[in-house]
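Open the model in your viewer, pick a cartoon view, and keep the selection box handy. We will go from the whole chain to a few spots inside it.

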Amino acid sequence: MEDVVKEPMLMRDRIKAVTTEILIRDGYQGLRFHQISERLGITRGNVHYHFNNKQELIEIVTVEYVENVIDRFRVIWTDDSTTLKQKIEALLAFHRSRYDTFNPPGTSGHSWSLISVLRADRHLLGDKARNALEQFARSLEKYILTGVGMEVTAGRLRADAPVQEIMLQFVAIANSAGALTQDTGSFDKLADLYLGFYRIVEHAYGVAKKKEKKAGAD
């Protein structure tokens, strides 16, 4: 009896996983139930058994995907044991894992971020999916602001560092991550942008470097 209970949930999760992949590759309008059924070797009726229609399926997938990404950003940006540079490196590793899934060796320029894809199809989404995207935007600002603020509290950035403005720049980079790698055909450009802006911030407001220079002058 236990296996009978678990199997429907397993198939439901497989449907969501395939849906996520198709959405990332082909967008909202490119998703068809027959694609899902063919990929999983099941009937379209089986897909409909778990999800009434395309809109419901996409909303469920979107909400769960966004919640997972938000949670990952929270873990990275609110970790008080890491420096700002380490947070950025952790974020790049997270981006890279998703990028590599859809851009295996020998390929490049493919979509890899469901959030980026669905923002472009926003007008087609239902309320729950749109609300999830809005929640992501708010959470992104909140957690990055927390992470940058930690640098000031820890004494690694000067007290007069423009935390809000720094946060907004990192948010802009995060929001353009998918488009940037597609346009340039390279993940390296995204890494350069994140780390390049970090170096600018550190050079302008970093405390450790200023102290080192002053000690050397003495």
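Start with everything selected: of the 218 residues of the protein, 40% count as buried. Keep in mind as you look around that this is a predicted model.

**The whole chain**

Colour by secondary structure and you will find 11 helices and zero strands. Reading from the N terminus, the elements run α-α-α-α-α-α-α-α-α-α-α. Along the principal axes, the C-alpha atoms fill a box of roughly 75 × 40 × 35 Å. Among contacts between residues at least 6 apart in sequence, 64% join residues at least 24 apart.

**The cavity**

Next, look inside. How many cavities of 30 Å³ or more does a search of the whole structure find? The search finds one, and its volume is about 150 Å³. To get there, select His95, Ser113, Ile115, Phe136 and Ala174, which are the closest to the centre among the 16 residues of the lining. Then show the helices around the cavity: α4 (54-77), α5 (84-102), α6 (114-120), α8 (163-175) and α9 (177-184) each supply at least two lining residues. Colour the lining by class and you should count nine nonpolar, five polar and two charged residues.

**Aromatic pairs**

Now show the side chains of the aromatic residues; the structure holds seven aromatic pairs. Phe136, which you have just selected at the cavity, is a good place to begin. Add Phe73: the two rings form an edge-to-face pair, 5.9 Å centre to centre, with 80° between the planes. Phe73 lies in helix α4 and Phe136 in helix α7 (residues 127-153), so this pair ties together parts that are 63 residues apart in sequence. Both Phe73 and Phe136 are buried.

Move on to Trp77 and Phe170. Their ring centres are 5.9 Å apart and their planes are at 50°, so this pair is tilted. Here too distant parts of the chain are linked, with Trp77 in helix α4 and Phe170 in helix α8, 93 residues apart. Are these two residues buried or exposed? Trp77 has 0% relative accessibility and counts as buried; Phe170 is buried as well, with a relative accessible area of 0%.

Keep that pair on screen and add Tyr194 and Phe197. Ring pairs link Trp77, Phe170, Tyr194 and Phe197 into a cluster.

**Helix α10**

Select residues 188-205, which make up helix α10. At 1.5 Å a residue, its 18 residues should span 26 Å, and the end C-alpha atoms are 25 Å apart, which agrees. Which residues of α10 are buried? They are Leu190, Ala191, Tyr194, Gly196, Phe197, Tyr198 and Val201, so two members of the ring cluster, Tyr194 and Phe197, turn up again here. Turn the view to see what lies against them: the buried residues of α10 pack against α5, α8 and α9.

**Val207, the last stop**

Finish at Val207, which is found in helix α11 (residues 207-217). With 16% relative accessibility, Val207 counts as buried. Draw a distance from its C-alpha to that of Gly155: the two are 6.7 Å apart in space, although their positions lie 52 residues apart in sequence. Leaving aside neighbours within four places in sequence, Val207 is in contact with Gly155, Arg156, Leu157 and Arg158.

Note on methods. Residues are numbered from 1 along each chain as its sequence is written. This is a predicted model: local features need pLDDT of at least 70, side-chain atom pairs count only at pLDDT 80 or more; totals for chains, interfaces and linings use all residues. Side-chain values use heavy atoms; hydrogens and water are left out. On a 1 Å grid over the protein atoms alone, a cavity is a set of points where a 1.4 Å probe fits but cannot get out, and a pocket is an open set with protein on both sides within 12 Å along at least five of seven lines; lining residues have an atom within 4 Å of a point. Grid points are joined across faces, edges and corners, and a volume is the space filled by probe spheres set on the points. Helices (H or I, at least four residues) and strands (E, at least two) are DSSP runs, numbered from the N terminus. Ala, Val, Leu, Ile, Met, Phe, Trp, Tyr, Cys and Pro count as nonpolar, Asp, Glu, Lys and Arg as charged, and the others, Gly among them, as polar. Rings of Phe, Tyr and Trp (its six-membered ring) pair if their centres lie within 6.5 Å; planes under 30 degrees apart count as stacked, over 60 as edge-to-face and the rest as tilted. Buried means under 20% relative accessible area, exposed over 50%, partly exposed in between (1.4 Å probe, protein chains only). The expected span of a helix is 1.5 Å times one less than its number of residues. Contact means heavy atoms within 4.5 Å.
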